[in-house]
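Work through these exercises with the sequence and the model side by side. Try each task before reading its solution.

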Amino acid sequence: MEAKYCKDSRVVRTSRIFPNDVNNHNTLFGGRLMSDVDQVASISAARHSRRGCVTASTDSVDFLHPVRPTDSVCFESYVTWTGTSSMEVFVKIIAEDLKSGERKIAATALLTFVALDEHKRPARVPEVIPETEEEQKLHETAPERARIRKERKQKSKELAAFLTTHDPWNRYSS
């Protein structure tokens with residue numbers, strides 16, 4: 001399987017902020033941003049693998065600066081690293097004040113996707129080749145993030161085994 005460049009999976013999407021996109025602080029609602037992050041990241045994963053993909057985890061979403069209704073918001077995503085069937089996708093969110101032109105990194109996110117074959121089983125994916133300084137930094141630091149993801153997943157499984165599944169609305173009734 002031939003390796004692919006990060007740029008081959010790059011997705012760029014820019015949109016405006018409208019009144020239905022903001023929260024009670026008059027800034028972009030975090031849930032809206034997270035939905036958009038998953039959408040663009042899923043396209044990057046599909047472009048890289050050329051297969052159906054599922055979100056395995058949202059590893060991090062760091063909100064760094066608020067996005068206001070006077071801003072546009074640009075999502076840039078690409079595959080930074082691959083395992084056998086998994087792909088780490090980085091998403092950079094840039095807010096641009098449409099009057100002043102000032103840009104800032106509003107948020108960053110890392111997600112993991114798994115490529116699926118026609119039987120919905122994990123499928124091999126190509127390795128990724130970083131070119132830019134940003135891509136190289138993300139690629140070089142990815143194995144440590146993968147290790148942390150694996151540990152976090154194991155802890156989540158342990159917690160899930162402890163949790164109950166009975167009706168929460170009946171938990172305290174006699």
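**Exercise 1.** What percentage of the 174 residues in the chain do buried residues make up?

*Solution.* First, some ground rules. This is a predicted model, where local features need pLDDT of at least 70, side-chain atom pairs count only at pLDDT 80 or more, and totals for chains, interfaces and linings use all residues. Residues are numbered from 1 along each chain as its sequence is written, and side-chain values use heavy atoms, with hydrogens and water left out. Next, the cut-offs: buried means under 20% relative accessible area, exposed over 50%, and partly exposed in between (1.4 Å probe, protein chains only). Buried residues make up 37% of the chain.

**Exercise 2.** Give the order of the secondary structure elements.

*Solution.* Start with the count: the chain has two helices and seven strands. Both are DSSP runs numbered from the N terminus (helices H or I, at least four residues; strands E, at least two). Now read from the N terminus: β-β-α-β-β-β-β-β-α.

**Exercise 3.** Find two residues with a positive phi and say where each lies.

*Solution.* Begin with the background. Most residues other than glycine have a negative phi. Asn26 has a phi near 60°. Asn26 sits in the loop between β2 (11-16) and α1 (30-49). Asn26 counts as partly exposed because its relative accessibility is 44%. Now take Lys120, with a phi near 65°. Lys120 is in the loop between β6 and β7 (128-129). Its relative accessibility is 66%, so Lys120 counts as exposed.

**Exercise 4.** Describe the largest pocket and its lining.

*Solution.* Fix the term first. On a 1 Å grid over the protein atoms alone, a pocket is an open set of points where a 1.4 Å probe fits, with protein on both sides within 12 Å along at least five of seven lines; lining residues have an atom within 4 Å of a point. The volume is the space filled by probe spheres set on the points, which are joined across faces, edges and corners. Here that space is about 410 Å³.

Then the lining:

- It has 14 residues, and Ala56, Thr112, Arg149, Lys150 and Lys153 lie nearest the pocket's centre.
- β3 (52-63), β6 (103-116) and α2 (133-162) each supply at least two lining residues.
- The largest share, six residues, comes from α2.
- By class, four are nonpolar, six polar and four charged. Ala, Val, Leu, Ile, Met, Phe, Trp, Tyr, Cys and Pro count as nonpolar, Asp, Glu, Lys and Arg as charged, and the others, Gly among them, as polar.
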